[in-house]
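Colleague: Could you walk me through this model? I would like to go from the chains to the way they meet.

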Amino acid sequence: MGSRRHFLQAFGSAGVLAGLVGSGLLRPGQALAVDFNRAAFDARSATDALRLIGAAGAEASTDIILKAPEIAENGAAVPIEVISNIPGTTRLSVLVDKNPFPLALQFNFAPPAAPRFQARLKMGESSRLRIVASAGGRHYTVFREIKVTVGGCGQ
Amino acid sequence: MSDPIKIRATVKGSDGEVRVLLPHPMESGQRRDGAGLAVPAHFITSVTLSINGRPVIEGGLGTAVSANPLFGFQFAGVKAGDKVAIAWLGNKGQRGYAEALFAAG
């Protein structure tokens with residue numbers, strides 16, 4: 001479970017897991033082992049987090065739509081919506097550069113799920129909000145500066 | 001953990017939308033209590049959303065996801081009666097699970 005597995009491999013193992021569920025060894029409701037590099041979530045800088053998720057060389061893209069408030073009144077819950085129009089997007093990652101741990105969230109998507117989501121983030125202070133979309137082994141990025149009126153760091 | 005997970009799953013035509021609320025404090029580990037002592041990190045580290053038993057969204061969460069995480073997702077090619085299930089795992093080994101059926105919206 002601590003090892004890094006790729007999403008498709010995880011999907012490949014879903015059948016095995018289903019078998020375990022059928023045999024009663026696993027109860028429905030037990031979370032599947034999810035394949036993310038936890039070290040990236042512990043990174044203290046956006047540069048390190050990007051390197052650890054393999055996206056250091058992400059290229060700017062206008063095909064990722066990021067909806068977020070220009071000014072966030074409450075840093076404890078900043079609503080965002082992310083939509084990737086890049087064909088074959090399998091992963092979206094969210095980083096808040098100035099947070100103590102910049103990597104906030106990652107989602108893997110497989111059909112019929114569309115590569116898009118809505119979420120709420122904590123932002124300790126005004127910061128760059130950065131999205132990385134991964135598709136076919138390549139990484140694309142878009143970012144926005146968000147002003148935070150009341151920081152959510154202590155939340 | 002007392003409040004139940006809330007799932008709203010609606011479908012129009014073949015387009016589905018799921019909104020899920022996971023009641024959880026999502027303590028960042030950055031906060032201090034009234035006595036000035038650090039409140040230990042206590043947060044959801046992963047979520048898995050399945051449609052009819054097949055995982056289709058996997059999430060990795062850090063401490064910057066707001067308390068009581070609220071997520072919205074979209075699906076193409078689902079129908080009323082399809083089952084959506086969400087399971088989460090926390091940094092202290094705790095877990096949660098809930099399921100619902102897509103309803104015509």
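Colleague: Glad to have a look at this with you. What are the ipTM and pTM of the model?

Modeller: Please keep in mind that this is a predicted model. Chain B has a mean pLDDT of 95, and 98% of its residues reach 70 or more. For the model as a whole, the scores are ipTM 0.95 and pTM 0.86.

Colleague: Good to know. How many helices and strands does chain A have?

Modeller: Reading chain A along its sequence gives α-α-α-α-β-β-β-β-β-β-β-β-β. Of its 155 residues, 38% are buried, and residues 24 or more positions apart provide 67% of the contacts with a separation of 6 or more. The count for chain A is four helices and nine strands.

Colleague: And chain B, what pattern does it follow along the sequence?

Modeller: Chain B has zero helices and eight strands. Its C-alpha trace spans about 55 × 20 × 20 Å along the principal axes, and 38% of its 105 residues are buried. Among contacts in chain B with a separation of 6 or more, 56% are between residues 24 or more positions apart. The pattern is β-β-β-β-β-β-β-β.

Colleague: Now to the place where the chains touch. Which element supplies the largest share of the side of chain A that touches chain B?

Modeller: The contact takes 38 residues from chain A and 35 residues from chain B. On the chain A side, helix 2 (14-23), strand 6 (103-109) and strand 7 (113-121) each supply at least two residues. By class, that side has 26 nonpolar, eight polar and four charged residues. The largest share, eight residues, comes from strand 7 of chain A.

Colleague: Which residue of chain B does A:Phe117 stand opposite?

Modeller: The place to look is where strand 7 of chain A runs antiparallel to strand 5 (residues 70-76) of chain B, joined by three bridges. In strand 5 of chain B, the residue opposite A:Phe117 is B:Phe73.

Colleague: What is the bridge partner of A:Ile80 in strand 7 of chain A?

Modeller: Strand 7 of chain A also pairs within its own chain, with strand 4 (residues 78-84) of chain A. These two strands run antiparallel and are joined by six bridges. For A:Ile80, the partner in strand 7 is A:Ala119.

Colleague: Lovely. Back in chain B, which residue in the turn between strand 1 and strand 2 has a positive phi?

Modeller: Strand 1 (residues 6-12) and strand 2 (residues 15-21) of chain B run antiparallel, with seven bridges between them. They form a hairpin with two residues between the strands. The positive phi, about 65°, belongs to B:Gly13.

Colleague: B:Thr10 catches my eye there. What is its bridge partner in strand 8 of chain B?

Modeller: Towards strand 2 of chain B, B:Thr10 stands opposite B:Glu17. Strand 1 of chain B also pairs with strand 8 (residues 103-104) of chain B, in the parallel sense and over two bridges. In strand 8, the partner of B:Thr10 is B:Ala103.

Colleague: Let's put the sheet together. Which strands stand at its edges, and why is one side of each left without a neighbour?

Modeller: The open sheet has seven strands in the order 2(A)-4(A)-7(A)-5(B)-2(B)-1(B)-8(B), with mixed pairing. Each edge strand has a single partner strand, so one side of it has no neighbour in the sheet. The edges are strand 2 (64-67) of chain A and strand 8 of chain B.

Notes. Residues numbered from 1 in each chain as written. Chains lettered and ligands numbered in written order. Predicted model: local features only at pLDDT ≥ 70, side-chain atom pairs only at ≥ 80, totals over all residues. Buried ≥ 20, exposed ≤ 12 C-beta atoms within 10 Å, placed from the backbone. Contact = placed C-beta atoms within 7 Å. Nonpolar A, V, L, I, M, F, W, Y, C, P; charged D, E, K, R; others polar. Pairing = 2+ DSSP bridges. pLDDT = per-residue confidence, 0-100.
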